[in-house]
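This briefing sets out selected features of the structure shown below, grouped by topic for reference.

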Amino acid sequence: MFHDFTYPAVLAAATRGEWQLDDVFPPGSTLDFTRPFMPASLARTGAVEGLNDEQRLTLNHIRGHDYLSIFGLVEEFILPFVLDHARPQLRGDDERIRALLQFASEEAKHIQLFKRFDAAFTAGFGHDCAVIGPADAIGAEVLRHDPLSVALIVLMIEWMTQSHYLDSVRDDGDLDPLFANLLRCHWIEEAQHAKLDTLMVEALAEGRDEGAIQAAIDGFFEIGMFFDGGFRKQSEHNLVAFEQVTGCALSDAARAQMLAAQHQALRWTYLGSGLVHPQFRKTVGALSKAALERIDEAAPAFA
Ligand SMILES: [Fe+2]
Ligand SMILES: [Fe+2]
């Protein structure tokens, strides 16, 4: 066993680390649009050629908006998934059920927090930024897969939030303080979710032979590629928003370069940074050596 995660320990840590919405985003707060929202390592505006500083900052803000929207969107399918996992065993292990309900409740709170940020973003930015969706359709597509495939996707998402906060700290102290605190608070609660997801993956994998594990990995990649198509579409939405806000009409070549660079930035943010996370890799490796090899082969395309 490569970890010592248990329901009682997770429940105790989750209870200690719990925060309130108003502490993270007090009502009436406004975002500081003179500062970046996203760590440079995720926004990757430097990879887009020919932008001045002001345009890079605008693109960073647009990336902040997609972060709020896409996390809001994925957490909408994580919530029912966790409840469905909890439901069949409501008796016998009180700490398991309490830990899973706490997890679901925190995701519902995060969805609400992302919506608060989103409203403040739209008010301050002055333009609507389009987002992929609708969330219901995306959730239905994800949840039609084998629960082990879905649990692996959720595990990857939870671990990536850990890197996202650490990147923001490593990066600079220049981020908008509300956004920096959002990443920090998400990191605190997601640290416990990642442990519960590890236990979930192990429970769902129990008794499966190598063929059944590989089939779940096939499903994991199917969901990943479905999202990758969505991130390409989101990059197009971001480009349209960028042109509208800056009044900049890009040449076809500049548009293609920006689209490719930003698609790769979204890939890294929402897929690659999870695929390479050491804890995610450990869980997959404990299921099957061949499964981990497949993850490691795929990861460079999302780097
Ligand atoms: Fe969350
Ligand atoms: Fe979570």
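In this predicted model, Leu182 is found in helix α8. With a relative accessibility of 2%, below the 20% limit for a buried residue, Leu182 is classed as buried. Helix α8 also takes part in the site of the iron ion (ligand 2), through Glu190, and in a contact with helix α1.

**Surroundings of Leu182**

- Leaving aside residues up to four places away in sequence, Leu182 touches Val24, Leu68, Leu113, Phe114 and Phe117.
- Leu68, one of these partners, is separated from Leu182 by 114 residues in sequence, while their C-alpha atoms are 9.9 Å apart in space.

**Iron site**

- The iron ion (ligand 2) has as its protein donors Glu107 (OE), Glu158 (OE), Glu190 (OE), Glu190 (OE) and His193 (ND1), at 2.0 to 2.5 Å from the ion.
- Along the sequence, the spacing of these donor residues follows the pattern E-x50-E-x31-E-x2-H.
- Distant parts of the chain are linked by the pair Glu158 and Glu190, which are 32 residues apart: Glu158 belongs to helix α7 (residues 147-171) and Glu190 to helix α8.
- Glu158 has 0% relative accessibility and therefore counts as buried.
- Glu190 likewise counts as buried, because its relative accessibility is 0%.
- A distance of 3.5 Å separates the iron ion (ligand 2) from the iron ion (ligand 1), and Glu107 coordinates both.

**Packing of α1 against α8**

- Helix α1 (residues 7-17) and helix α8 (residues 177-205) have axes that come within 9 Å and cross at roughly 165°.
- This angle is over 145°, so α1 is roughly antiparallel to α8.
- The two helices, α1 and α8, form a left-handed crossing.
- On the α1 side, the contact involves Tyr7, Val10, Ala13, Ala14 and Gly17; these meet Ile188, Glu189, Gln192, Lys195, Leu196 and Leu199 of α8.
- By class, seven residues of the contact of α1 with α8 are nonpolar, two are polar and two are charged.

**Packing of α1 against α5**

- The axes of α1 and helix α5 (residues 94-125) cross at roughly 40° and come within 8 Å.
- The orientation of α1 relative to α5 is therefore oblique.
- The crossing of α1 with α5 is left-handed.
- Residues Tyr7, Pro8, Leu11, Ala14 and Thr15 of α1 meet Glu95, Arg96, Arg98, Ala99, Gln102 and Glu106 of α5.
- This contact of α1 with α5 comprises five nonpolar, two polar and four charged residues.
- Tyr7 and Ala14 of α1 take part both in the contact with α8 and in the contact with α5.

**Packing of α4 against α10**

- Helix α4 (residues 53-86) packs with helix α10 (residues 252-275) at an angle of about 40°, and their axes are 12 Å apart.
- Helices α4 and α10 are therefore oblique to each other.
- The crossing formed by α4 and α10 is right-handed.
- In α4, Leu59, Arg63, Asp66, Tyr67, Ile70 and Phe71 meet Met258, Gln262, Ala265, Leu266, Thr269 and Tyr270 in α10.
- The contact of α4 with α10 includes eight nonpolar residues, together with two polar and two charged ones.

How values were computed: Residues are numbered from 1 along each chain as its sequence is written. Chains are lettered from A and ligands numbered from 1 in the order in which they are written. This is a predicted model: local features need pLDDT of at least 70, side-chain atom pairs count only at pLDDT 80 or more; totals for chains, interfaces and linings use all residues. Side-chain values use heavy atoms; hydrogens and water are left out. Axes are lines fitted to C-alpha atoms, for helices over the stretch in contact, and angles run from 0 to 180 degrees between N-to-C directions. Helices (H or I, at least four residues) and strands (E, at least two) are DSSP runs, numbered from the N terminus. Angles under 35 degrees count as roughly parallel, over 145 as roughly antiparallel, 65 to 115 as roughly perpendicular and the rest as oblique. A crossing is left-handed if the near helix is turned anticlockwise from the far one by less than a right angle, and right-handed if clockwise. Contact means heavy atoms within 4.5 Å. Ala, Val, Leu, Ile, Met, Phe, Trp, Tyr, Cys and Pro count as nonpolar, Asp, Glu, Lys and Arg as charged, and the others, Gly among them, as polar. Buried means under 20% relative accessible area, exposed over 50%, partly exposed in between (1.4 Å probe, protein chains only). Donors are N, O and S atoms within 2.8 Å of the metal (3.2 Å for Na, K and Ca); water is not among the atoms, so sites may look incomplete.
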